[in-house]
Amino acid sequence: MKVTWVGHACFLLDGSKRVLIDPFMPGGSLSKEPDIVAVTHAHGDHLGIAAQLKKKTVAIAELAQYLTTKGVPAEPMNIGGSITVDGVRFTMTPALHSSGLDSEGGGFYGGAPAGFVITMDGVSVYHAGDTALFSDMQLIRDLYRPDVALLPVGGCYTMGPEEAMIAARYTGARLVIPMHYNTFPAIQQNLDEFKKTIERTTPIRVAILSPGESIEVNPE
């Protein structure tokens, strides 16, 4: 599987299918059309262009219902559930955050925030969504054994690097890719110490990608 950080919280998983997560792409663009879209929550910097893409879109039930009104073939699910779409397995995990449809005005409910464990071609990727650190990330490790963890590190709206260091250990993934940082002034971070500390004290590898950069991940 090739994992590409498109930017912010947006990733493209390119394997037997192309799965696009959180299609908000400030300053970025897609080189390939996705087969499936997954959206962690309703905030505009994650929902992005999901309504315009009109692809099969996996989302929590309330957000899926909203996308259906926009002509999107949405695949509804909820936290703790798993579904398989075109051979790709999606498990929805908790996230500690908020969720509202910015485009519909303040207070428009978009369902609970979430993360995903996405399994394709023998590789499992945990996209944490926007979240604070929570100790039940250890259950994600025990239940789903993710190979890759995509973790927010920006602070302010999510956990920052210090908390994400603990999250990296909790998830048990062999590869961590930070996300949701340096897009806006409020989430500026220097991740040199984050990478050095994790790699010095654990067997985990940290890949700090530039927008548009990819890394290959193979099954163990």
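# Helix 5 and its surroundings

Tutor: In this predicted model, Met-137, Gln-138 and Arg-141 of helix 4 meet Ala-167, Arg-169, Tyr-170 and Thr-171 of helix 5.

Student: At what angle do helix 4 and helix 5 pack, and how far apart are their axes?
Tutor: The two helices are roughly parallel to each other, because their angle falls under the 35 degrees that this description requires. Their crossing is right-handed. As for the values themselves, helix 4 and helix 5 pack at an angle of about 25°, and their axes are 7 Å apart.

Student: Which residues of helix 5 are buried, and why can they be said to line one face?
Tutor: In helix 5, which covers residues 161-171, the buried residues are Pro-161, Ala-164, Met-165, Ala-167, Ala-168 and Thr-171. An α-helix has 3.6 residues a turn, so residues three or four places apart point the same way. Seen down the axis of helix 5, its buried residues line one face because they fall within an arc of 165°.

Student: Which elements do the buried residues of helix 5 pack against?
Tutor: The partners include both helices and strands. Listed along the chain, they are strand 10 (123-127), helix 4 (137-144), strand 11 (148-152), strand 12 (175-179) and helix 6 (192-201).

Student: Is Thr-171 buried or exposed, and which residue is 4.7 Å from it, C-alpha to C-alpha?
Tutor: Thr-171 is found in helix 5, and with a relative accessibility of 0% it counts as buried, since the cut-off is under 20%. Leaving aside neighbours within four places in sequence, its contacts are Tyr-126, Met-137, Arg-141, Pro-146 and Ala-149. The residue at a C-alpha separation of 4.7 Å stands 30 residues away in sequence, and it is Arg-141.

Student: What is the phi of Gly-172, just after helix 5?
Tutor: Gly-172 follows directly on the end of helix 5. Its phi is positive, at about 70°.

Student: Which residues of helix 6 meet helix 5, and how are these two helices arranged?
Tutor: Helix 5 and helix 6 pack at an angle of about 30°, with axes 10 Å apart, and their crossing is right-handed. On the helix 5 side, the residues involved are Pro-161, Ala-164, Met-165 and Ala-168, which meet Glu-193, Phe-194, Thr-197 and Ile-198 of helix 6. Given their angle, helix 5 and helix 6 are therefore described as roughly parallel.

Student: Which residues of helix 6 are buried, and which exposed residues are on the face turned away from them?
Tutor: Phe-194, Thr-197 and Ile-198 are buried in helix 6. They cover an arc of only 95° around the axis, which puts them on the same side of helix 6, and what covers them includes helix 5, strand 12 and strand 13. The face of helix 6 turned away from this buried side carries the exposed residues Asp-192, Lys-196 and Arg-200.

Student: What polar contacts does the side chain of Thr-202 make?
Tutor: Thr-202 lies in the loop between helix 6 and strand 13 (205-206), and at a relative accessible area of 14% this residue is buried. One contact joins a polar atom of its side chain to the backbone oxygen of Ile-198 at 2.7 Å. In the other, the side chain of Thr-202 reaches, at 3.0 Å, the backbone nitrogen of Ile-204.

Student: What is the distance between the C-alpha atoms of Val-176 and Ala-207?
Tutor: Val-176 belongs to strand 12 and is buried, with a relative accessible area of 0%. Once neighbours within four places in sequence are left aside, its contacts include Ala-168, Phe-194 and Ile-204, as well as Ala-207 itself. Although Val-176 and Ala-207 are 31 residues apart along the chain, their C-alpha atoms are separated by 6.3 Å.

Student: Where does His-8 lie, and what is its phi?
Tutor: Most residues other than glycine have a negative phi. His-8 lies in the loop between strand 1 (2-7) and strand 2 (10-14), where it counts as buried at 2% relative accessibility. Its phi is positive, near 55°.

Student: What is the phi of Asp-86, and in which loop is Asp-86 found?
Tutor: At 37% relative accessibility, Asp-86 counts as partly exposed. Its phi, near 50°, is a positive value in a residue other than glycine. The loop in which Asp-86 is found is the one between strand 7 (82-85) and strand 8 (88-94).

Key:
Residues are numbered from 1 along each chain as its sequence is written. This is a predicted model: local features need pLDDT of at least 70, side-chain atom pairs count only at pLDDT 80 or more; totals for chains, interfaces and linings use all residues. Side-chain values use heavy atoms; hydrogens and water are left out. Buried means under 20% relative accessible area, exposed over 50%, partly exposed in between (1.4 Å probe, protein chains only). Helices (H or I, at least four residues) and strands (E, at least two) are DSSP runs, numbered from the N terminus. The arc is that of the directions from the helix axis to the C-beta atoms. Contact means heavy atoms within 4.5 Å. A polar contact is a pair of N or O atoms within 3.5 Å; within protein, one must be able to donate a hydrogen and the other to accept it, and residues adjacent in sequence count only if both atoms are side-chain atoms. Axes are lines fitted to C-alpha atoms, for helices over the stretch in contact, and angles run from 0 to 180 degrees between N-to-C directions. Angles under 35 degrees count as roughly parallel, over 145 as roughly antiparallel, 65 to 115 as roughly perpendicular and the rest as oblique. A crossing is left-handed if the near helix is turned anticlockwise from the far one by less than a right angle, and right-handed if clockwise.
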